[in-house]
Amino acid sequence: MSKHKSGFVAIIGRPNVGKSTLLNQVIGQKIAIMSDKPQTTRNKIQGVYTKEDLQIVFLDTPGIHKPKSKLGSYMMKVAENTFREVDAILFLVDVAEGIGGGDRFIIEQLKNVKTPVLLVLNKIDQVHPEALLPVIVAYKDLYEFAEIVPISALQGNNVNTLLEQIGKYLPEGPQYYPADQVTDYPEQFICAELIREKILHLTREEIPHSIAVAIESMKVEDNGLVSIGAVIFVERDSQKGIIIGKQGAMLKEVGKQARRDIETLLGSKIFLELWVKVNKDWRNREHVLKDLGFRLD
């Protein structure tokens, strides 16, 4: 009988290389929001992958970047602290972009940790196979990776191979979570993230980092309908106008798209009510960040 292995694995990398896409692909459902705008993930998202003889608990960290606000500094701290908390690290890179300054910065941080690092070459569906070898050689010259695995997180190519490779570096251990549990975040948190994802998809460039979403109420009615009230915080009146849209059209579309994903998540019909409030410079105000669920210590 094979021994049961389990452990914690961090997914790190520059913003917008596909970390949340990989996590959702592995778990089989959406628990981390995805966007074509960088710096989407703000908290560590725990995703749990379970098989009979293996359980991997994934931490999806914020993209490592040069911080420009207290929120940015918090996100960097979350990512760097994760290096020391896990059994293995997945360093995700975009093969279509090549090595950038951000990748070199991350590699310098990795030289200070003893945790095994697997280099994951993502988005192989966007490059010719012959272009992979020079990228692999370039990265091997910078760091001694435990494994190098090319994948497409979006299409799922080679993701099973990656999971097998991760298993090699995990210790024997218990099953930390029930087999049917895919995350340890409460439903309210994921609902708020799904609403924020729709705003990222639908609004212009100046909006993404200026928004936060808080679930103010969530209850099951007698008829089984789940009523959810959520507040979208922005920093300026002009941003409030953009999110509400002409005659409320944008906010209505955000609600329509978010409702669809939340109903899939909860497995029931929902009534979703959204409000937009201005909270000036919230990203640099510690008490506001704490109220929104960011753990700053």
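This note goes through the strands, helix contacts and salt bridges of a predicted model.

1. Overall make-up. The protein chain contains 9 helices and 9 strands. Of its 297 residues, 51% are buried. Taking contacts between residues at least 6 apart in sequence, 71% join residues at least 24 apart.

2. Strand 4 and its burial. Strand 4 covers residues 88–94, and 7 of its 7 residues are buried. Ala-88, Leu-90, Leu-92 and Asp-94 point one way from the strand. Ile-89, Phe-91 and Val-93 point the other way, and these too are buried. The buried set on strand 4 thus includes an aspartate, Asp-94.

3. Neighbours of strand 4. Strand 1 (residues 5–12) runs parallel to strand 4 and is joined to it by 4 bridges. Within this pairing, Ala-10 stands opposite Ile-89 of strand 4. Strand 5 (residues 117–122) also pairs with strand 4 in the parallel sense, over 6 bridges. Here Asp-94 has Asn-122 of strand 5 as its bridge partner.

4. Strand 8 and its burial. Strand 8 spans residues 226–234; because 9 of its 9 residues are buried, it is largely enclosed by the rest of the structure. One side carries Val-226, Ile-228, Ala-230, Ile-232 and Val-234. The other side carries Ser-227, Gly-229, Val-231 and Phe-233, and both faces are covered.

5. Neighbours of strand 8. Strand 7 (residues 212–220) pairs with strand 8 in the antiparallel sense over 8 bridges. Ala-212 has Phe-233 of strand 8 as its bridge partner. The two strands form a hairpin with 5 residues between them, and Gly-224 in the turn has a positive phi of about 90 degrees. Strand 9 (residues 270–278) pairs with strand 8 in the parallel sense, over 9 bridges. In that pairing, Ile-232 is matched with Val-276 of strand 9.

6. Helix 1. This helix is largely enclosed by the rest of the structure, because 8 of its 9 residues are buried. The buried residues are Lys-19, Ser-20, Thr-21, Leu-22, Leu-23, Asn-24, Val-26 and Ile-27. Gly-28 follows helix 1 and has a positive phi, near 95 degrees.

7. Helix 1 against helix 5. The axes of helix 1 (residues 19–27) and helix 5 (residues 159–167) come within 11 Å and cross at roughly 90 degrees. The two helices are therefore roughly perpendicular to each other. Leu-22, Gln-25 and Val-26 of helix 1 make the contact with Val-159, Leu-162 and Leu-163 of helix 5. By type, the residues of this contact are 5 nonpolar, 1 polar and no charged. Leu-22 and Val-26 of helix 1 are also among the buried residues named in point 6.

8. Helix 7 against helix 8. Helix 7 (residues 237–244) packs on helix 8 (residues 249–266) at an angle of about 60 degrees, with the axes 5 Å apart. On the helix 7 side the contact involves Ile-242, Ile-243 and Ile-244. These meet Ala-249, Met-250 and Leu-251 in helix 8. The contact residues divide into 6 nonpolar, no polar and no charged.

9. Salt bridge between Lys-168 and Glu-147. The whole structure has 9 salt bridges. In the one between Lys-168 and Glu-147, the closest N and O atoms are 2.9 Å apart. The pair links distant parts of the chain, with the two positions 21 residues apart in numbering. Lys-168 lies in the loop between helix 5 and helix 6 (187–202), whereas Glu-147 belongs to strand 6 (residues 147–150). Is Glu-147 buried or exposed? Glu-147 counts as buried because its relative accessible area is 17%, and the cut-off for burial is under 20%.

10. Other salt bridges. Lys-198 and Glu-197 meet through their side chains at 3.0 Å, N to O, and both residues are buried. Lys-269 and Glu-263 also form a salt bridge, at 4.0 Å, N to O. Lys-269 counts as exposed because its relative accessibility is 58%. Separately, Arg-14, Glu-97 and Asp-103 are joined into one network by salt bridges that share partners.

Note on methods: Residues are numbered from 1 along each chain as its sequence is written. This is a predicted model: local features need pLDDT of at least 70, side-chain atom pairs count only at pLDDT 80 or more; totals for chains, interfaces and linings use all residues. Side-chain values use heavy atoms; hydrogens and water are left out. Axes are lines fitted to C-alpha atoms, for helices over the stretch in contact, and angles run from 0 to 180 degrees between N-to-C directions. Contact means heavy atoms within 4.5 Å. Ala, Val, Leu, Ile, Met, Phe, Trp, Tyr, Cys and Pro count as nonpolar, Asp, Glu, Lys and Arg as charged, and the others, Gly among them, as polar. Angles under 35 degrees count as roughly parallel, over 145 as roughly antiparallel, 65 to 115 as roughly perpendicular and the rest as oblique. Buried means under 20% relative accessible area, exposed over 50%, partly exposed in between (1.4 Å probe, protein chains only). Two strands pair if DSSP finds at least two bridges between them.
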